[in-house]
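Got your viewer open and your mouse ready? Load the model below, colour it however you like, and let's go for a walk.

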Amino acid sequence: MYPHIIKPILDRFFALILIICFLPIILTIAILIKNKLGSPILFSQDRPGKNGKIFKIYKFRTMSDERDENGELLSDEIRLKGFGKIIRKTSLDELPQLFNVLKGDMSFIGPRPLLAEYLSLYSKEQARRHEVMPGITGWAQINGRNAISWEEKFKLDVYYVDNVSFMLDLKIFFLTIYKVLRKKDINSSTSVTMEKFTGSQKNN
């Protein structure tokens, strides 16, 4: 009953409250991004949600659009500058996802919605992460976030699917706040962003 009825109601109620409360911060960040990085202010991308249904996720833009002489975007390390790093490390870039939660595309707690191109790369067990609504934060995020391997992350996602409850969500919520304040596990060990998933060796 909790994940199917109570949780969606709580998600939308608190999303609306937080949007109202954080509106001055959201507007301020939008203005700063416009001034420092230009347009667009928001980054949007198609992501798979529950049961693999595609929706458009929203984040604040954190990278510049600098390109090389051939018109190709420069690496993430170059385009993610001081201001963008601050927005990302404080997780303020995730604020627009409150509107995704309000729309019913996402939950506050659940496996992170990843790239749609990964859908064909999951093993049958890994694909179970789509049995629940994707979240702004989740069990994998408080247990390593981008600092752990894809395989470890998917195991944590499936653990959440099998054990979703109000108490687990509450634990994830408070540990997320702790992680954000400590600025822990933001990046992988080799990149400012998580490397792309190319499939597990044990995929079947």
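What follows is a tour in stops, each with something to select.

**Before you click**

You're looking at a predicted model, where local features need pLDDT of at least 70, side-chain atom pairs count only at pLDDT 80 or more, and totals for chains, interfaces and linings use all residues. Residues are numbered from 1 along each chain as its sequence is written, and side-chain values use heavy atoms, with hydrogens and water left out.

**Stop 1: an aromatic cluster**

Select Tyr118, Tyr122, Trp150, Phe154 and Phe197, which ring pairs link into a cluster. A pair of aromatic rings is described by the distance of the centres and the angle of the planes. Here, rings of Phe, Tyr and Trp (its six-membered ring) pair if their centres lie within 6.5 Å; planes under 30 degrees apart count as stacked, over 60 as edge-to-face and the rest as tilted. How many aromatic pairs does the structure hold? There are 11.

Zoom in on one of them, Tyr122 with Phe197: this pair is stacked, at 5.9 Å centre to centre with 25 degrees between the planes. It links distant parts of the chain, with Tyr122 in the loop between β3 (107-109) and β4 (135-137) and Phe197 in the segment after α6, 75 residues apart. (Helices, H or I with at least four residues, and strands, E with at least two, are DSSP runs numbered from the N terminus.) Tyr122 and Phe197 are both buried, where buried means under 20% relative accessible area, exposed over 50%, and partly exposed in between, using a 1.4 Å probe and protein chains only.

Now add Trp150. Is its pair with Phe197 stacked or tilted? Tilted: the centres are 5.7 Å apart and the planes make 55 degrees. Trp150 lies in helix α5 (residues 150-163) and Phe197 in the segment after α6, so this pair ties together parts that are 47 residues apart in sequence. Trp150 is buried, and Phe197 is too.

**Stop 2: lysines over rings**

Stay at Trp150 and show Lys153, which lies over the ring's face at 4.6 Å from the ring centre. A charge sits over a ring if NZ of Lys or CZ of Arg is within 6 Å of the ring centre and within 35 degrees of the ring normal. For another example, select Lys36 and Phe83: Lys36 lies over the face of Phe83, at 5.8 Å from the ring centre.

**Stop 3: Arg129 and its company**

Click on Arg129, in the loop between β3 and β4. Why does Arg129 count as buried? Because its relative accessibility is 3%. Its contacts (heavy atoms within 4.5 Å) include Tyr122 and Phe154 from the cluster, plus Asp157 and Val158, not counting residues up to four places away in sequence. Try a distance from Arg129 to Asp157: the C-alpha atoms are 5.6 Å apart, although the two are 28 residues apart along the chain.

Hop across to Val158 in helix α5. Val158 is buried, with a relative accessible area of 5%. Leaving out residues up to four places away in sequence, Val158 touches Glu125, Arg128 and Arg129.

**Stop 4: the cavity**

Arg129 also helps to line the largest cavity, together with Pro48, Gly49, Pro111, Arg112, Pro113, His130, Val132, Met133 and Pro134. On a 1 Å grid over the protein atoms alone, a cavity is a set of points where a 1.4 Å probe fits but cannot get out; lining residues have an atom within 4 Å of a point. Its volume is about 40 Å³. The lining divides into 6 nonpolar, 2 polar and 2 charged residues.

**Stop 5: backbone curiosities**

Select Ser39 and Pro40, which are joined by a cis peptide bond with omega about 0 degrees. Pro40 sits in the loop between α1 (2-36) and β1 (42-48).

Next, go to Asn51, in the loop between β1 and β2 (54-60). Its phi is near 60 degrees, a positive value in a residue other than glycine. Asn51 counts as exposed, at 66% relative accessibility.

Then pick Ser91, in the loop between α3 (82-89) and α4 (97-103). Phi of Ser91 is also positive, near 65 degrees. Is Ser91 buried or exposed? Buried, with a relative accessible area of 16%.

**Last stop: Asp169**

Finish in helix α6 (residues 166-182), where you'll find Asp169. Asp169 is buried, at 5% relative accessible area. Show its neighbours: not counting residues up to four places away in sequence, Asp169 touches Tyr2, Lys7, Ile109, Tyr160 and Val164.

Terms used. 1 Å grid on protein atoms, 1.4 Å probe; cavity = no way out; pocket = protein on both sides within 12 Å on 5 of 7 lines; lining within 4 Å. Points joined across faces, edges and corners; volume = space filled by probe spheres on them. Nonpolar A, V, L, I, M, F, W, Y, C, P; charged D, E, K, R; others polar.
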